[in-house]
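Dear colleague,

Please find below the structure that I am handing over to you, followed by an account of what was found in it. I would suggest keeping the structure open while reading.

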Amino acid sequence: MVDAADYGFMAEALRLAERGLYTATPNPRVGCVIVKDGQIVGRGFHARAGGPHAEVVALQEAGERARGATAYVSLEPCSHHGRTPPCAEALVAAGVGRVVAAMQDPNPLVAGRGLERLRQGGIPVECGVLEAEAVALNIGFVSRMTRGRPWVRMKIAASLDGKTALLDGRSQWITSEAARRDAHHWRARACAILTGIGTVREDDPQLTVRHVATPRQPLRVVVDSRLETPVGARVLAGGPVLIACAREDREAMDRLRAKGAEILVLPNASGKVDLPGLFRELGRRGVNEVLVEAGVKLNGSLLREALVDELVVYLAPCLLGDAARGMAALPPLRDLAARLRLRVRELRQVGEDLRLLAEVSQAAGVCPAWDSE
């Protein structure tokens, strides 16, 4: 039976899991606390792939005090041999008296087997304590395991009238420095940052994490159908880069490879980059979360193909007028009832700007309002 204390200790396990927010990828962020006689005797979190799992770290700290104790884990303990031994076996061997998990592991290699191994070892198990919070913390891992593709988060900086740049493309800077610094937290937690060739040519962004302390730079992905990325583009420096194109051009490919870029040829029937295929490939590579920082054309394409799961929109207290560029290039709606709906999760002030977090409600296929365009 679950009581109020279980929720309190699980909240601490989730706080520990957040310490792996920027580093655990491609593994899930997991925290664990070991509790004996109402006191925490062991704490642990998973810091990075190949390193010890949260349960092992917590058990090591608890030592003999783990026997008969309750282990609170933000994700079902693993039951398979990967880079490290199964955590379910470690909990059984340590003689814990009870295990409380926030959620079942969506990884098909686990998917309930860890909880079953604990029960087979005579350990009572509870699952589902603060489940929604645990899922939110690992939304990208859940997406990759259940849908075969990452969770896609689109970041947009705009004026209050929804404009992202002047008509000539100038956009630096619409939002405040505080908002730009805040956006680096989203970069830091992402496994990959995706942009388009238009943004590379107009803004020459680095797309690196600079305002958050992190030992890892996300993969930079450039959607560039015709391989027009300049060899002097700043995105080619500072970490791994993948350029997705739609045609073979040996000369251009050789130049870009010489700068360290990987080239992925992935055309669709229209001679553009196959965006769903690109995200499936990123999923196969262990990418859990993608942050999109692109222009109106690529934003529109991603939204039209229902590949965006969430929006992070920074709204500056200014107006740019009708002639300025909008957030996404989308064809006219045939019916207002078919508009793309969002579910607002959070609205807060960041510096002088507003930050809106909203989930996209239509992310299961091509948006029906635009499927004939």
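Ile34 has Gly42, in strand S2, as its bridge partner. Please note that the model is a predicted one. The strands S1 (residues 31–36) and S2 run antiparallel and are joined by six bridges. As general background, the strands of a sheet pair through backbone hydrogen bonds, in either a parallel or an antiparallel manner.

These two strands belong to an open sheet of five strands, with mixed pairing and the order S2-S1-S3-S4-S5. Strand S2 (39–45) and strand S5 (125–127) are the edge strands, each pairing on one side only. On average, neighbouring strands of this sheet are turned by 15° against each other, if direction is ignored.

Helices on the sheet

Helix H1 packs on the sheet, where it touches S1, S2, S3 and S4. The direction of H1 makes about 140° with that of S1. Helix H4 lies across S4 and S5, and runs at about 155° to S5.

The aromatic pair

How many aromatic pairs does a search of the whole structure find? The search finds one. It is formed by Phe9 and Tyr72, whose rings are tilted, with 5.3 Å from centre to centre and 40° between the planes. Phe9 lies in helix H1 (residues 4–17) and Tyr72 in strand S3 (residues 70–73), so the pair ties together parts that are 63 residues apart in sequence. Residues under 20% relative accessible area count as buried. Phe9 is therefore buried, with a value of 16%, and Tyr72 is buried as well, at 3%.

Helix H3

Which residues of helix H3 (residues 87–94) are buried? They are Cys87, Ala88 and Leu91. Because these residues cover an arc of only 105° around the axis, they lie on the same side of H3. In general, an α-helix has 3.6 residues a turn, so residues three or four places apart point the same way. The buried residues of H3 pack against helix H2 (54–62), strand S3, strand S4 (98–101) and helix H4 (113–120). After H3 comes Gly95, which has a positive phi, near 75°.

A charge over a ring

One further contact concerns Arg180 and Trp173. Arg180 lies over the face of Trp173, at 4.3 Å from the ring centre.

With kind regards

Key
Residues are numbered from 1 along each chain as its sequence is written. This is a predicted model: local features need pLDDT of at least 70, side-chain atom pairs count only at pLDDT 80 or more; totals for chains, interfaces and linings use all residues. Side-chain values use heavy atoms; hydrogens and water are left out. Rings of Phe, Tyr and Trp (its six-membered ring) pair if their centres lie within 6.5 Å; planes under 30 degrees apart count as stacked, over 60 as edge-to-face and the rest as tilted. Helices (H or I, at least four residues) and strands (E, at least two) are DSSP runs, numbered from the N terminus. Buried means under 20% relative accessible area, exposed over 50%, partly exposed in between (1.4 Å probe, protein chains only). A charge sits over a ring if NZ of Lys or CZ of Arg is within 6 Å of the ring centre and within 35 degrees of the ring normal. The arc is that of the directions from the helix axis to the C-beta atoms. Contact means heavy atoms within 4.5 Å. Two strands pair if DSSP finds at least two bridges between them. Axes are lines fitted to C-alpha atoms, for helices over the stretch in contact, and angles run from 0 to 180 degrees between N-to-C directions.
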